[in-house]
Amino acid sequence: MALRGNLRDFTVTQLLNLVHLARKTGMLSIQGTNEQADIFFREGKLAYARTNKEDDHLAYVLYKTNVLSKAQYKAIASRAQGMSDKELGLLLINAGYVTQEVIINSLQQYFADIIRRLFTWAEGLFNFENDARPPADRITVRLDLENIIIEGARQLREMEQLMQEIPSLDIALKFTDRPGTNLRNVNLSVEEWRVVSYVSPKNTLRQIARAANLSDLEIRRIVYGLLQAGLVEMVRPELTPRTLDRSKMFPVQDKGEQRTLVNRLIDRIRSL
Amino acid sequence: MQTVKMVVTGPFSAGKTQFIQSVSEIDVVATERKISKADEKAIKNATTVAMDFGRITVDDDLVLYLFGTPGQKRFDFMWEILAEGMLGFIVMVDSTRPETFREARTILETFRAYAPTPYVVAANKQDMPDAWDVDDMRVALRLGQNTKLLPCVATDKESVKQVLLELLYSILEEMER
């Protein structure tokens with residue numbers, strides 16, 4: 001039976017749990033809103049992962065996991081063109097740049113990070129292709145899924161709580177009117193500063209997240225912190241002003257008559 | 001006969017039905033059912049599942065209807081239907097149950113999304129010894145200074161009248177803009 005559906009109905013954590021318990025081998029493809037991820041499993045363990053947004057070659061993985069500097073990555077990437085990951089790995093080990101353990105750890109960290117990002121996807125079509133294998137020239141790992149699943153479940157709970165606090169990303173933020181608060185005196189992380197720099201009633205949270213390259217979970221987490229600190233408050237975005245349709249509210253259309261009607265209501269309530 | 005309506009909303013057991021009952025000239029037409037969930041049953045025995053309905057006749061030509069929404073989230077499909085064409089709305093909050101403040105905030109946002117009509121927030125059960133102070137509730141509910149947060153005792157007719165009047169004043173103010 002085909003294992004396909006939408007993350008709305010079946011979360012990434014549930015999918016990983018299924019793969020883990022059924023000891024499945026194959027490729028889980030998830031098409032998100034603007035990114036696609038392919039995760040490969042062998043007998044219920046994580047073997048390989050990639051997204052269409054990032055280079056998935058070994059040199060890039062080593063750079064992303066801080067094993068290589070940007071200059072080293074660029075130099076290797078230009079010289080190792082046409083070389084498979086396995087060949088490059090051997091070359092780096094033999095040259096004494098890295099050990100096999102470092103390469104495996106970097107790959108595991110990079111693949112796990114991809115899956116952590118997937119936990120923040122609330123929507124996306126998924127499809128599991130049985131027995132599909134990673135590209136032959138790539139280095140694979142055998143990573144147990146239990147810890148990742150537990151982490152995913154924890155994130156899911158956090159997301160549910162944040163969804164309660166910030167139900168929609170289509171709202172905007174504005175700074176609170178607190179003359180005593182000076183933002184310069186507040187300790188904010190780089191990501192928080194980035195979000196703060198976009199705070200305006202004109203920018204929705206969704207737009208800020210896109211501009212600051214943050215996932216739904218990350219933007220909600222940061223905004224929740226800013227709200228709790230009393231630095232910002234949620235407002236309706238200015239770009240989508242909604243007009244009050246009085247024709248539906250009142251049985252009369254003339255503004256003067258509407259005012260009279262409200263005054264009649266006031267008099268009546270007072271006399272109750 | 002002309003009719004207008006106001007909606008009374010808020011979390012489960014905030015006092016919406018009682019609020020309407022205090023000023024309605026008819027017995028509130030309530031769609032209450034016995035509560036099945038154990039945790040909710042500990043709070044009260046019956047709850048509104050579709051809506052409450054109260055009436056205040058203004059004169060021969062005008063009637064105000066008060067609609068109370070079901071407080072439990074699983075009946076929220078009724079909210080949008082009830083919000084259609086409302087003059088304004090009242091968010092009832094139980095001042096003694098801070099665990100419901102977050103939900104009250106969500107309900108407020110939801111109703112604001114349905115229609116940008118004027119609204120007031122009523123801090124109900126202010127006569128109870130463990131009621132939160134209104135100023136503290138303003139902070140907890142994250143309400144701006146411009147939002148009317150009114151102390152209320154839903155069993156007290158005068159208190160309910162004051163909440164309704166404040167909403168009507170807000171409607172008048174909105175019309176002047």
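A salt bridge is a side-chain nitrogen of Lys or Arg within 4 Å of a carboxyl oxygen of Asp or Glu. In this predicted model, A:R220 is a buried residue without such a partner: the nearest side chain of opposite charge belongs to A:D216, 4.3 Å away. Because the cut-off is 4 Å, the pair of A:R220 and A:D216 at 4.3 Å does not count. A:R220 sits in helix α9 of chain A, which covers residues 216–228. Apart from residues up to four places away in sequence, A:R220 touches A:M159, A:L162, A:M163, A:I166, A:P167, A:S168 and A:L169.

Chain A also holds an open sheet. Its five strands are arranged in the order β1-β5-β2-β3-β4, with antiparallel pairing. Strands β1 (3–6) and β4 (45–51) of chain A are at the edges and have a single partner strand each, so one side of each is left without a neighbour in the sheet. From one strand to the next, the twist averages 15 degrees. Within this order, β2 (residues 26–31) and β5 (residues 125–130) of chain A run antiparallel and are joined by six bridges. One of the residues involved is A:G26, whose bridge partner in β5(A) is A:N130.

A:G26 also appears among the contacts of A:F41. Leaving aside neighbours within four places in sequence, A:F41 is in contact with A:L16, A:V19, A:K24, A:T25, A:G26, A:L28, A:L46, A:A47, A:F128 and A:L145. A:F41 belongs to the largest nonpolar core, which has 47 residues. A:L16, A:I39, A:F41, A:L46 and A:I148 are the residues with the most contacts inside that core. Helix α5 of chain A (residues 100–119) gives the most to this core, nine residues. A second core, separate from this one, has 37 residues and includes A:M249 together with B:M92, B:L165 and B:M175. In soluble globular proteins, nonpolar side chains tend to be buried together.

Turning to chain B, its secondary structure comprises six helices and seven strands. Along the sequence these elements follow the pattern β-α-β-α-β-β-α-β-α-β-α-β-α. Chain B has 177 residues, of which 58% count as buried. Among contacts in chain B with a separation of 6 or more, 69% are between residues 24 or more positions apart.

Each chain offers an example of a positive phi in a residue other than glycine. In chain A, the phi of A:R23 is near 50 degrees. A:R23 is placed in the loop between α1 (12–21) and β2 of chain A. Its relative accessibility is 55%, so A:R23 counts as exposed, the limit being over 50%. In chain B, B:K125 has a positive phi of about 65 degrees. This residue lies in the loop between β6 (119–124) and α5 (134–140) of chain B. The relative accessible area of B:K125 is 22%, so B:K125 is partly exposed; buried would require under 20%.

Back in chain A, A:S197 is found in helix α7, residues 190–197. A:S197 is exposed, with a relative accessible area of 54%. A:S197 and A:A212 are 15 residues apart in sequence, and their C-alpha atoms are 9.7 Å apart in space.

Note on methods:
Residues numbered from 1 in each chain as written. Chains lettered and ligands numbered in written order. Predicted model: local features only at pLDDT ≥ 70, side-chain atom pairs only at ≥ 80, totals over all residues. Heavy atoms only, no water. Pairing = 2+ DSSP bridges. Helix = DSSP H or I, 4+ residues; strand = E, 2+ residues; numbered from the N terminus. Axes fitted to C-alpha atoms, helices over the stretch in contact; angles between N-to-C directions. Buried < 20%, exposed > 50% of the residue type's maximum accessible area, 1.4 Å probe, protein only. Lys, Arg positive; Asp, Glu negative; His and termini not counted. Contact = heavy atoms within 4.5 Å. Core = buried A, V, L, I, M, F, W, Y, C linked by side-chain atoms within 4.5 Å.
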